[in-house]
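Please open the model in your viewer with the sequence panel beside it, and follow the stops below in order. Each stop proposes a selection and then describes what is found there.

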Amino acid sequence: MKFDVQRIQEPLLKVSAWVDQNTILQAIKNAFVRTIPFTVVGSFSNLIKMQIDALIKSQEIDNIILKNVSNLFGYLGNATLGIVAIIVVFSSAYSYAIELQKKDKNERLNPIIATLLALSAYFIMIPNNVNYLDPKADIVEGFSSSFFSYEGMFTALIVGMLAVFLFSRFSRSKFTIKMPGNVPQNVFDSFFSLIPISEVLLVFGIIRIIIQSLGYVSLLQMISNVLVEPLLTVGTGLPAIIIVILLQQILWFLGLHGFNIVWGVVSAFWLPVFLEDVAKFASTNSFDGISISPNTMTNVYAMIGGSGATFGLIIAMLIFTKKGEKEREVAKLSLIPGCFGINEPVIFGLPIVLNPLMFIPWILVPIINAVIAYIVTSIGWVVPLVVLNSGNEPIFISTWVLGAFHISPVILTFVLVILDILLYAPFVILNQKQERIN
C-alpha cells in the first residue's frame, strides 16, 4: 500500500501553524533550542569520559594524565548536563518574557529581571536539605544535585514559565513603585519590579508550603507520585512496555527528558527482572527459562540510537535532504553521537520538540520496534538479551554483547534500523517541504 503523504500533510501543517502562533509553545520551543550547545557539549564530554574510564578499568591503567583527562571531561559534563535544569530555568523564563514583551500591555516587562526572578522562584521550590528523601536523617543544608540535572527539568520548566507569567500580570497592576521620568531606565526597572517580585516569590513560597503540607518534599515528587507512578504499575509485559514508551515519547516531545523522568520510577519494577535473567544465564549459560526483560525491549530495541529510535531518522535525513540544508548538517553532527545513543543534537536541532510534523513517527516508531522485538524474541527467532554491559559500545556492538555474542540480536537491530528509515522517510520529506516554504 502506497503511503499518501498529501493526505496527512494538510492537518499536520495546520497544527504546525497553530504551534507557531502559540506564545507558550513558541517560548518552550525556543527555550530548548537555546539549550542545544550545552546538551551537545555535555553529551560529548560524558561520552569521552565513559570511554576513557572504561579503558582505564579494562586495562587496569594507572596513569595520572589519563585520569586527569577523564576528570577534565567530567567537569565539562557537570557544568552542562549536570546543571541543565538551571539552564532550562533561565532559557524558558527568558524566552517566555521575550514573547510576552511583544504585547503592548507588557511593555514594562524587563526580560532580564523576569529571568533572574524565575531562578529565585526555582530555589524556593526545591528542598534546601541534601538528605530530603530521608526524613529521619540529619538535616544537611544545601541543594541536591538531582534538582539541577535532567531530573529537575520538569520543575524548572514549570517554575520558569509560571514565574514570568505571574510577574507580567503583577507588573500591570497599579500597585507598583512609581519613579520620576528622569530616572535612568535600569534604576526605574529595579524599583518598579520590587513589589511584583515580592508578590511572585510569596506565591511560590505559599505553593511550596501547600505541597509540603500534603506530604511531598518537592513539586517534582508530587508530580511523579500523582501522575507518573500510577501509569507505570501495569506490570512487565508488552502492554506495560507500550505505555512506558508512549509516556517517555510524549514527555520528550514537550522538551522534557522522558527517559530520566520515567525510568526513575519504572526501574524499581523492571530492573530486577533483567538482573534475574543476567544471573540465571551466568549460572547456566543457557537461554532456557529466560524471560523477556521489559527494560531491554524498551531501552535497546525500541530506542535504537536514543529515544524515538533516532538512528533511523538520522540516516533518513542524510538520504532525503539536500547538501547544505540545515537538517542535513544536523544529521551529520548527530551521526556519531547517535551511534552511542546520544540524540539530543537531533531532538533539539531538527527539532523534534513541539514539531507536529514529527509527532506521529516519534510516537509510533519506537512502539513498532518494541512490538516486533518482543514477538520475535518470544517465538525464539532472537535470543534474549542477558549480559549486563557497560553501555559504552556503539549500537550493533552493544546488542551483540547484550545477546551473549549471538548474532541474532544484531540482525534484528539492523532490520529495525532499515524499518525505522522507511517509517521516518515520508515525514522527513514533509518536514523538508515545510522548511523550504518557510
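Which residues of H3 are buried? Select helix H3, residues 36–59, in this predicted model, and colour Ile36, Thr39, Val40, Gly42, Ser43, Ser45, Leu47, Ile52 and Ile56, which are the buried residues of that helix.

**The whole chain**

Before going further into H3, it is worth displaying the protein as a cartoon, where the secondary structure comes to 19 helices and 0 strands. Of its 438 residues, 49% count as buried, and the accessible surface comes to about 20900 Å², with 66% of that area belonging to carbon and sulfur atoms. If you consider the contacts between residues at least 6 apart in sequence, 72% of them join residues at least 24 apart.

**Helix H3 and its surroundings**

Return now to H3, whose 24 residues reach 34 Å from the first C-alpha to the last, close to the 34 Å expected at 1.5 Å a residue. To see what covers its buried residues, add helix H2 (23–34), helix H4 (64–78), helix H5 (84–101) and helix H16 (344–349), which are included in that cover. Then step just past the end of H3 to Glu60, where the backbone takes a positive phi of about 50°.

**Salt bridges**

The structure holds 5 salt bridges, and three stops are proposed here. Side chains of opposite charge can pair when their charged atoms come close. Begin with Lys67 and Asp62, which form a salt bridge with their closest N and O atoms 3.1 Å apart. Colouring by accessibility separates the two partners, because Lys67 has a relative accessibility of 35% and counts as partly exposed, whereas Asp62, with a relative accessible area of 68%, is exposed.

Next select Lys326 and Glu327, whose side chains meet in a salt bridge at 3.7 Å, N to O. Is Glu327 buried or exposed? Glu327 counts as buried, because its relative accessibility is 3% and the cut-off for buried is under 20%. Its partner Lys326, at 41% relative accessibility, counts as partly exposed.

The third stop is the pair Glu329 and Lys332, with a salt bridge of 3.5 Å from N to O. Both residues lie in helix H15, 3 residues apart, which is about one turn of the helix. Glu329 counts as partly exposed at 37% relative accessibility, and Lys332 is likewise described as partly exposed, with a relative accessible area of 46%.

**Helix H15 along its length**

Keep H15 selected, residues 326–339, and place a distance between its end C-alpha atoms, which are 20 Å apart, in agreement with the 20 Å that its 14 residues should span at 1.5 Å a residue. Where does the kink in H15 lie? A kink of about 30° lies at Leu333, shortly before the proline Pro337. The buried residues of this helix are Glu327, Val330, Ala331, Ser334, Pro337 and Gly338, so that Pro337 appears both in the description of the kink and among the buried residues. After H15, look for Gly341, whose phi is positive, near 80°.

**A glycine between H11 and H12**

Now centre the view on Gly255, in the loop between helix H11 (238–253) and helix H12 (258–284). Gly255 is buried, with a relative accessible area of 0%. Which residues does Gly255 touch, not counting residues up to four places away in sequence? Show Phe32, Met153, Phe348 and Val353, which are its contacts on that count. Adding Ile347 shows a pair that is 92 residues apart in sequence and 8.7 Å apart in space, C-alpha to C-alpha.

**A nonpolar patch on the surface**

For the last stop, switch to a surface representation and select Ile397, Trp400, Phe405, Ile407, Ile411, Phe414, Val415, Ile418 and Leu422, which form a nonpolar patch with about 900 Å² of accessible area together. The elements giving two or more residues to this patch are helix H18 (395–402) and helix H19 (408–437), and H19 gives the most, with 5 residues. Finish on Phe405, which lies in the loop between H18 and H19 and, at 52% relative accessibility, counts as exposed.

How values were computed
Residues are numbered from 1 along each chain as its sequence is written. This is a predicted model: local features need pLDDT of at least 70, side-chain atom pairs count only at pLDDT 80 or more; totals for chains, interfaces and linings use all residues. Side-chain values use heavy atoms; hydrogens and water are left out. Patches are made of residues with over 30% relative accessible area and no salt bridge: like charges are joined within 9 Å, nonpolar side chains (Val, Leu, Ile, Met, Phe, Trp, Tyr) within 5 Å. Accessible areas come from the Shrake-Rupley method with a 1.4 Å probe; for residues, only the protein chains shown count as cover. A salt bridge is a side-chain nitrogen of Lys or Arg within 4 Å of a carboxyl oxygen of Asp or Glu. Helices (H or I, at least four residues) and strands (E, at least two) are DSSP runs, numbered from the N terminus. Buried means under 20% relative accessible area, exposed over 50%, partly exposed in between (1.4 Å probe, protein chains only). The expected span of a helix is 1.5 Å times one less than its number of residues. Contact means heavy atoms within 4.5 Å. The bend at a residue is the angle between axes fitted to the seven residues ending there and the seven starting there.
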